[in-house]
Amino acid sequence: MAGALQGTVASEQQRLRDTFEKLRQFLREQEDVLLAQLSRAHGDLTKERREYVASISERKSLLDTLIAKIEKKRDQPVVEFLMDVGKTLSSCEAAKAPIPEPVSPELQRTVRSLSETSQLVVDAVAKFKVNLLSEMDRERVKVTLDPETMSPYLILSKDHKTVRLGDGQQNLPDNPKRFTGSPSVLGSQGFTAGRHYWELEVGDGGSWAVGVAVESVRRKDSLSMAMGKIWALRLDWDRQYRALHMAPAPLTLKEEPQRIRVHLDYEAGQVTFYNADNMMQILQFKASFTEKVFPYFWLWSQETYIQLCA
């Protein structure tokens, strides 16, 4: 049995090596083709710029010569000036000839096409990365929102996957699990071990936070009193992102994520946030968990929502 399994492992190792080598070869070939096209375009642009500068210099020289001739003839008798007027007018017509454009329309179209192709490649690689990771990753969990923990200020969808801020306070039983000091809600499933992740979408508005909280998080006090037991990414009303734990810490993000992946590694004590559209890391917390950890959500704006992804 052990020998057969070792053979299987060795076979899979070789298959993966062959697959990735073929992929690398394909990518190298495509890279060479696209870079060669861009290199040619760069050379054509350099050539046309050189020709344009030469044309401008030639026209300037012609105009300088013409101006000098006219100034020289200015003091001549009228008869002599009129005798040379034909040559002067001919030089003026030559000076009025159109100068070629700095970049030809054909080359402009070529550069635009190459730029569009380059963007398509960037987008395709980003999608490939996301799709490959999603296919390989078996740590995804199906998270739903726990109505027993939901603040009376929040409203859950029937499938318990979307939360919004209501118009006022609902009349809900004040059980020990329920958040009454802040508009918060936990996920139904908690974790005491392992690696897990879930994804969610946020609306266009601010005043939301997503992350994790330990089971002993304070539920009857304001958010500021619960900080030490929450690890979250927050977008405030002023469009400022902040890392939320002991105290809010400002973050500078290049883009505003709409779909977010929250990854929990219990044993390693890591909570990591990704932009799920391109798998770029947004934020990572280091912690030391000794109790059950739950997905955590906070919302204080009617202009947005938080929706868990299937």
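## Starting point: what counts as a helix or strand

Helices and strands here are DSSP runs, at least four residues for a helix and at least two for a strand, numbered from the N terminus. With that in hand, Ser 151 is easy to place: it sits in the loop that links helix H4 (105-136) to strand E1 (154-156). One thing to keep in mind throughout is that this is a predicted model.

## The overall picture

The protein has 310 residues, and 34% of them are buried. Its secondary structure comes to five helices and 13 strands. If you look at contacts between residues at least 6 apart in sequence, 65% join residues at least 24 apart.

## The seven-stranded sheet

Let's take the sheet that E1 belongs to. Seven strands make up this open sheet, in the order E1-E2-E13-E4-E9-E10-E11, with antiparallel pairing. At the edges are E1 and strand E11 (280-286), each pairing on one side only. On average, neighbouring strands of this sheet are turned by 25° against each other, direction ignored.

For a closer look at one pair, try strand E4 (residues 195-202) and strand E9 (residues 259-265), which are antiparallel and joined over seven bridges. Within that pair, Leu 200 is opposite Ile 260 of E9.

## The six-stranded sheet

There's another open sheet, built from six strands in the order E3-E12-E5-E6-E7-E8, and its pairing is antiparallel too. Strand E3 (184-186) and strand E8 (249-251) are the edge strands, so placed because strands count as paired if DSSP finds at least two bridges between them, and each of these two pairs on one side only. Neighbouring strands in this sheet are turned by 20° against each other on average, again ignoring direction.

Strand E5 (residues 208-214) is a good one to click on: seven of its seven residues are buried. E5 has E12 and E6 beside it in the strand order. Towards strand E12 (residues 293-299), E5 makes seven antiparallel bridges, and Val 214 faces Val 293 there. Towards E6, E5 makes six bridges, also antiparallel, with Val 212 partnered by Trp 231. Moving on from there, strand E6 (residues 230-235) pairs with strand E7 (residues 241-244) over four antiparallel bridges. Leu 233 has Ala 243 in E7 as its bridge partner.

## Two loop residues worth a look

Back to Ser 151. Buried or exposed? Ser 151 is buried, because its relative accessible area is 0% and the cut-off for buried is under 20%. Once its neighbours within four places in sequence are set aside, Ser 151 contacts Leu 172, Phe 179, Ser 182, Pro 183 and Ser 184. Of those, Ser 184 falls in strand E3 (184-186).

Asn 175 is in the loop between strand E2 (162-165) and E3. With a relative accessible area of 19%, Asn 175 also counts as buried, since the limit is under 20%. Leaving out residues up to four places away in sequence, Asn 175 touches Glu 148 and Lys 220. Its C-alpha is 8.3 Å from that of Thr 149, and the two residues are 26 apart in sequence.

## The largest pocket and helix H4

Now for the helices. The largest pocket holds about 300 Å³ of space. Which helices each supply at least two residues of its lining? Helix H1 (2-73) and H4 do, and H1 gives the most, with seven residues. The lining takes in Phe 20, Leu 23, Phe 26, Leu 27, Gln 30, Glu 31, Leu 34, Val 121, Ala 124, Val 125, Phe 128 and Leu 132. By type, that's 10 nonpolar residues, one polar and one charged.

Also in helix H4 is Ala 126. Ala 126 counts as partly exposed because its relative accessibility is 25%, which lies between the 20% cut-off for buried and the 50% cut-off for exposed. Along the chain, Ala 126 and Met 279 are 153 residues apart, yet their C-alpha atoms are separated by 8.0 Å.

Conventions:
Residues numbered from 1 in each chain as written. Predicted model: local features only at pLDDT ≥ 70, side-chain atom pairs only at ≥ 80, totals over all residues. Heavy atoms only, no water. Axes fitted to C-alpha atoms, helices over the stretch in contact; angles between N-to-C directions. Buried < 20%, exposed > 50% of the residue type's maximum accessible area, 1.4 Å probe, protein only. Contact = heavy atoms within 4.5 Å. 1 Å grid on protein atoms, 1.4 Å probe; cavity = no way out; pocket = protein on both sides within 12 Å on 5 of 7 lines; lining within 4 Å. Points joined across faces, edges and corners; volume = space filled by probe spheres on them. Nonpolar A, V, L, I, M, F, W, Y, C, P; charged D, E, K, R; others polar.
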